[in-house]
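Please open the structure in a viewer and set it to a cartoon representation. The tour below proceeds by selections, each followed by a description of what is found there.

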Amino acid sequence: MLKPKLISQVLQQATTGGVKATILLNPEGSLLAFAAQSDRDARVYAAIASNIWTIYSKHCKPEVGPLSTLMLECEEGKVAISMVSTMILCLVARDDVELGILKAKSEALTRHLVEPLSRVAGY
């Protein structure tokens, strides 16, 4: 069984060094677990990440292959969005965080979460 509290603890470990929020959500934008300053921030980030992921994945060219990660530079920070099994992982960082650091954290979390999330994806 998947334990949201344990997943939140794992996500909290990545919410350091300028990363403001780490969120795990389903493709419809519903929160599964998060580490953020507030519930409201997490819900807003989840809704935006879900919409962005859906739009980009629908318009990805088949010859390129499926979308795996999006790295975005925004006015007020940087965002990494990636697919983990059937879930979406989103990291939101301050503007001064390097994209390489954000990508490394996203990849590390993906590797850590893919196996347990794959087990429950069928349910």
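The stops that follow go from the sheet to the helix across it, then to the nonpolar cores and one residue within them. The model is a predicted one.

**The sheet.** Select the five strands, which form an open sheet in the order S2-S1-S5-S4-S3 with antiparallel pairing. Now colour strand S2 (31-35) and strand S3 (69-74) separately. These two stand at the edges, and each has a single partner strand, so one side of each is left without a neighbour in the sheet. Looking along the sheet, one finds a twist that averages 15° from one strand to the next. In general, strands of a sheet pair through backbone hydrogen bonds.

**The S1 and S2 hairpin.** Select S1 and S2, which form a hairpin with five residues between them. Within the turn, display Gly29, whose phi is positive at about 100°. The two strands pair in the antiparallel sense over four bridges. To see one of the paired positions, select Leu25 and its bridge partner in S2, Leu31.

**The S3 edge.** Move next to S3 and strand S4 (residues 77-84), antiparallel strands that are joined by six bridges. Here Glu73 has Lys78 in S4 as its bridge partner.

**The helix across the sheet.** Select helix H2 (residues 39-58). This helix lies across strand S1 (19-25), S2, S3, S4 and strand S5 (87-93), and it runs at about 65° to S1.

**The nonpolar cores.** Which residues touch the most other members of the largest nonpolar core? Show Leu11, Leu91 and Leu109, which have that role among its 19 residues. Helix H1 (4-14), S1, S2, S4, S5 and helix H3 (99-121) each supply at least two residues of this core. A second, separate core has 13 residues, including Ala21, Ala49, Trp53 and Ile81.

Centre the view on Leu11. Beyond its neighbours within four places in sequence, Leu11 is in contact with several residues, among them Thr22, Leu24, Phe34, Leu89, Leu109 and Leu113.

**Leu24.** From Leu11, step to Leu24, which is placed in strand S1. Is Leu24 buried or exposed? Its relative accessible area is 0%, so Leu24 is buried. Apart from residues up to four places away in sequence, Leu24 touches residues including Ile7, Leu11, Leu31, Met87, Ile88 and Leu117. Finally, draw a distance between the C-alpha atoms of Leu24 and Val84: these residues are 60 residues apart along the chain, and the atoms are separated by 8.9 Å.

How values were computed: Residues numbered from 1 in each chain as written. Predicted model: local features only at pLDDT ≥ 70, side-chain atom pairs only at ≥ 80, totals over all residues. Heavy atoms only, no water. Pairing = 2+ DSSP bridges. Axes fitted to C-alpha atoms, helices over the stretch in contact; angles between N-to-C directions. Contact = heavy atoms within 4.5 Å. Core = buried A, V, L, I, M, F, W, Y, C linked by side-chain atoms within 4.5 Å. Buried < 20%, exposed > 50% of the residue type's maximum accessible area, 1.4 Å probe, protein only.
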